[in-house]
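Hi everyone, thanks for coming. I'd like to walk you through a structure that is new to most of you, so please have a look at it with me.

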Amino acid sequence: MAGQDTLRYDPIPNSVSSEASHVKRPQSKGTPIKTFIIEQPVTIQRLPYVPKDGDLLVDAGTARATIAASKESPNGTPGYAEKHQNKTVVQQHAIYWDFDHDGIIWPQDTYAGCRKWGWSIPLSLLVMFIINFNLSYPTVPGWLPDPFFRIYLDKMYKDKHGSDSMTYDNEGRFKPQNFEDIFAKYDKGNKGGLTWSDLFDMWKGQRMVFDFFGMSAAVLEWTATYLLIWPDDGVMQKEDIRGIYDGSIFYKKAEEYERKQRVKADLRSSTSRSLVERATKLM
């Protein structure tokens, strides 16, 4: 029996990096989990998230209906999660664009939301077309397409597609395990975030056979995410990406842009006053 118990542990070959070394340890409850085999190198290259002793994230495999929980933020976004306990995480992701809180996102809402981030008119129009044209029909209450390409928040879960991280489940809940897997598998060097290079690896690793729509949607979504976060060092931080999933970062970026615009307006105003004062003195 002792020999059989030993076989349940993961033998770590010398060729496996030290990042994988934690896999051979039994879990805190005494149930070791085998996460790779040397016969399939891809299982070593893309190790899943394995909870460690002391991690605050409990039951990572259980989907959360109303919070985007992670290892660093096990209770979701402070203040934001409590405010939206009547919405699933995928609905929270979209309510930024529901300005009148009627549960419907019109194309002009999508456009206005993008403009609030400081995105250009052409880019905002493009995003409006891509989002509302492609995501409207699955959410409509009946069988006929919506002539105005409106998106209905009550059925947002139907907009789930393949070839992505699978962090949302089919009912719009948030799966912490899948979110943590993104960084466990694709964050090369444990930077705490993702670069363009990491994104390419993820698109390749997550794609599904013949899923052209899902692959295209994933590329467009992550490209938009990069444009919104626009990291100075080229690394999209994990916490910012988590804020994309629950939508909290959308408000943050809109507030940042508004604040910058106010500063610019104040500078222009003070400059104008200074020029008037100088001209008055010269006269």
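How many aromatic pairs does a search of the whole structure find? The search finds 24 of them. Before I go further, please keep in mind that this is a predicted model.

Let me show you two of those pairs. Phe129 and Phe133 are stacked, with 5.1 Å from centre to centre and 15 degrees between the planes. Both residues belong to helix H6, where they sit 4 residues apart, about one turn of the helix. Phe129 is partly exposed, at a relative accessible area of 49%, and Phe133 is partly exposed as well, at 45%.

Now please turn to Phe200 and Trp203. Their ring centres are 5.1 Å apart, but the planes meet at 80 degrees, so this pair is edge-to-face. These two are 3 residues apart in helix H8, which spans residues 196-206, and about one helical turn separates them. Is each partner buried or exposed? Phe200 counts as exposed, with 52% relative accessibility, while Trp203 counts as buried, with 14%.

There is also an aromatic cluster, formed by Tyr80, Tyr96, Trp97, Phe99, Trp117, Trp119, Phe250 and Tyr251. And one for those who like charges over rings: Arg150 lies over the face of Trp106, at 4.7 Å from the ring centre.

On to the nonpolar cores. In soluble globular proteins, nonpolar side chains tend to be buried together. Here, the largest nonpolar core has 37 residues, and the members that touch the most others are Trp117, Leu194, Trp222 and Ile241. The elements giving two or more residues to this core are helices H4, H7, H8, H9, H10 and H11. What does Ile241 touch, leaving aside its neighbours within four places in sequence? Ile241 is in contact with Phe179, Phe183, Leu194, Trp222, Ile229 and Met236. A second core, separate from that one, has 6 residues, among them Leu57, Ala60, Ala69 and Ala81.

My last stop is helix H5, residues 107-115. Its buried residues are Pro107, Asp109, Thr110, Gly113 and Cys114. They cover an arc of only 160 degrees around the axis, and therefore lie on the same side of H5. What covers them? Strand E1, residues 104-105, and helix H6, residues 121-135, are included in that cover. You have met H6 already: that is the helix holding Phe129 and Phe133.

That's my tour, and thank you for listening!

Methods:
Residues numbered from 1 in each chain as written. Predicted model: local features only at pLDDT ≥ 70, side-chain atom pairs only at ≥ 80, totals over all residues. Heavy atoms only, no water. Buried < 20%, exposed > 50% of the residue type's maximum accessible area, 1.4 Å probe, protein only. Arc of directions from axis to C-beta. Contact = heavy atoms within 4.5 Å. Phe/Tyr/Trp six-rings, centres within 6.5 Å; stacked < 30°, edge-to-face > 60°. Lys NZ or Arg CZ within 6 Å of the ring centre and 35° of its normal. Core = buried A, V, L, I, M, F, W, Y, C linked by side-chain atoms within 4.5 Å.
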